[in-house]
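Student: Before I use any of these labels at the bench, could we go through how each of them is justified?

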Amino acid sequence: MSNIVLITGASSGFGALTARALADQGHTVYAGMRQTTTRNAGQVRAAADYGRAHDVDLRSIELDVNSQQSVDTAVAQVIAEHGRIDVLIHNAGHMVTGPVEAFTPEQLAELYNVNVLSTQRVNRAALPHLRAAGRGLVVWVSSSSVKGGTPPYLGPYFAAKAGMDSLAVSYAAELARWGVETSIVVPGSFTSGTNHFAHSGRPEDTDVDAAYETKYPGLVDQVAKKLADLAPADADASMVSEEIARIVALPAGRRPYRVHIDPADDGSEEVSDVADRVRSEFLTRVGLADLLTV
């Protein structure tokens with residue numbers, strides 16, 4: 001079945017790769033990105049070129065996840081053109097690197113805005129349509145840092161992704177009786193094929209940043225290098241997009257609740273298995289086992 005797919009943060013990295021992989025499967029894909037006529041105009045042209053070259057339905061759409069108006073407009077456009085959204089993919093996100101203390105509270109708030117609040121904006125615009133249809137799939141692109149190994153100097157990003165993951169867990173139960181499935185996709189530390197590290201933000205308090213440099217000289221680069229060294233030579237960001245495409249292609253009711261794509265194996269899958277088992281057992285104990293599946 002061909003689905004109508006809306007994906008956030010699709011200008012590059014996992015988002016762009018996923019948009020193409022799903023379009024290749026025959027779905028109509030709306031690749032959400034901001035500044036489509038300015039900063040990301042090149043990505044819009046690239047997506048259009050890909051669609052023509054591969055004869056697939058890949059459409060860029062203006063979607064700034066930090067703006068409720070932009071989100072509402074994008075969702076309304078998809079509904080006006082197709083009358084439905086079948087698959088919603090939360091992929092937009094931003095990374096920062098540096099000692100936690102050197103980031104201002106305002107910087108942390110902005111990071112949570114991009115990684116966490118953005119999903120709530122999109123959900124409030126799109127979920128009424130999925131609930132009304134009594135079916136659909138919400139895919140959350142989480143991070144192995146939520147429950148796996150957590151190297152220093154990435155704390156604000158890890159905290160934000162943990163917040164997003166917690167929302168996904170709660171939404172999974174609350175959408176089950178509406179017939180809307182949840183799949184949480186957990187990538188590991190892919191240091192190539194994405195712009196996370198290249199475009200990561202830095203702390204505004206340069207004095208505190210410099211103070212930490214006296215005790216942890218060059219740690220940012222060391223962490224990035226060590227993460228890259230852990231990954232097998234054949235690890236590629238397309239592993240994530242291919243897994244998302246596989247999940248979308250599965251029959252309704254057969255999609256996995258959580259999957260890991262972590263070539264470096266930072267331990268997240270082992271911890272998540274325990275956490276997800278405890279969740280399942282507890283919901284069963286309190287008589288809500290039906291919330292574990294659509």
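**Salt bridges, burial and surface charge**

Tutor: Let us begin with Glu281 and Arg277, which form a salt bridge whose closest N and O atoms are 3.2 Å apart; please keep in mind that this is a predicted model.

Student: Why is the contact between Glu281 and Arg277 called a salt bridge?

Tutor: The criterion asks for a side-chain nitrogen of Lys or Arg within 4 Å of a carboxyl oxygen of Asp or Glu. The closest N and O atoms of Arg277 and Glu281 are 3.2 Å apart, so the pair qualifies. The two residues are four apart in helix 9, which means that about one helical turn separates them.

Student: How do you know whether Glu281 is buried, partly exposed or exposed?

Tutor: Buried means under 20% relative accessible area and exposed means over 50%; Glu281 has 40%, so the residue falls in between and counts as partly exposed. Arg277, with 44%, is likewise partly exposed.

Student: What makes Asp165 and Arg258 a salt bridge, and where do the two residues lie?

Tutor: Their side chains meet at 3.0 Å, N to O, and the cut-off is 4 Å, so the pair is counted. Asp165 is in helix 5 (residues 155–176) and Arg258 in strand 7, 93 residues apart, so that the pair links distant parts of the chain.

Student: Why is Asp165 called buried?

Tutor: Its relative accessibility is 3%, and buried means under 20%, so the label follows. Arg258 is also buried, because its relative accessible area is 13%. Salt bridges that share partners join Lys147, Asp165, Arg258 and Asp276 into one network.

Student: What does the salt bridge between Glu81 and Arg59 tie together?

Tutor: The side chains of Glu81 and Arg59 meet at 3.3 Å, N to O. Glu81 lies in helix 3 (residues 68–82) and Arg59 in strand 3 (residues 58–62), so the pair ties together parts that are 22 residues apart in sequence. Glu81 counts as partly exposed at 41%, and Arg59 is partly exposed at 29%.

Student: Which residues form the negative surface patch, and why is Asp265 called exposed?

Tutor: The patch is formed by Asp265, Glu269, Glu270 and Asp273. Asp265 has 58% relative accessibility, and exposed means over 50%, so the name is justified. Asp265 sits in the loop between strand 7 (258–261) and helix 9 (268–285).

Student: How do you know that the overall size agrees with a compact globule?

Tutor: For 294 residues, a compact globule would have a radius of gyration near 19 Å, and the protein has 19 Å, so the two agree.

Key:
Residues numbered from 1 in each chain as written. Predicted model: local features only at pLDDT ≥ 70, side-chain atom pairs only at ≥ 80, totals over all residues. Heavy atoms only, no water. Patch = residues over 30% accessible without salt bridge, like charges linked within 9 Å, V, L, I, M, F, W, Y side chains within 5 Å. Areas by Shrake-Rupley, 256 points an atom, 1.4 Å probe, with all protein chains shown as cover. Lys, Arg positive; Asp, Glu negative; His and termini not counted. Charge placed at Lys NZ, Arg CZ, Asp CG, Glu CD. Buried < 20%, exposed > 50% of the residue type's maximum accessible area, 1.4 Å probe, protein only. Rg over C-alpha atoms; globule rule 2.2 N^0.38 Å.
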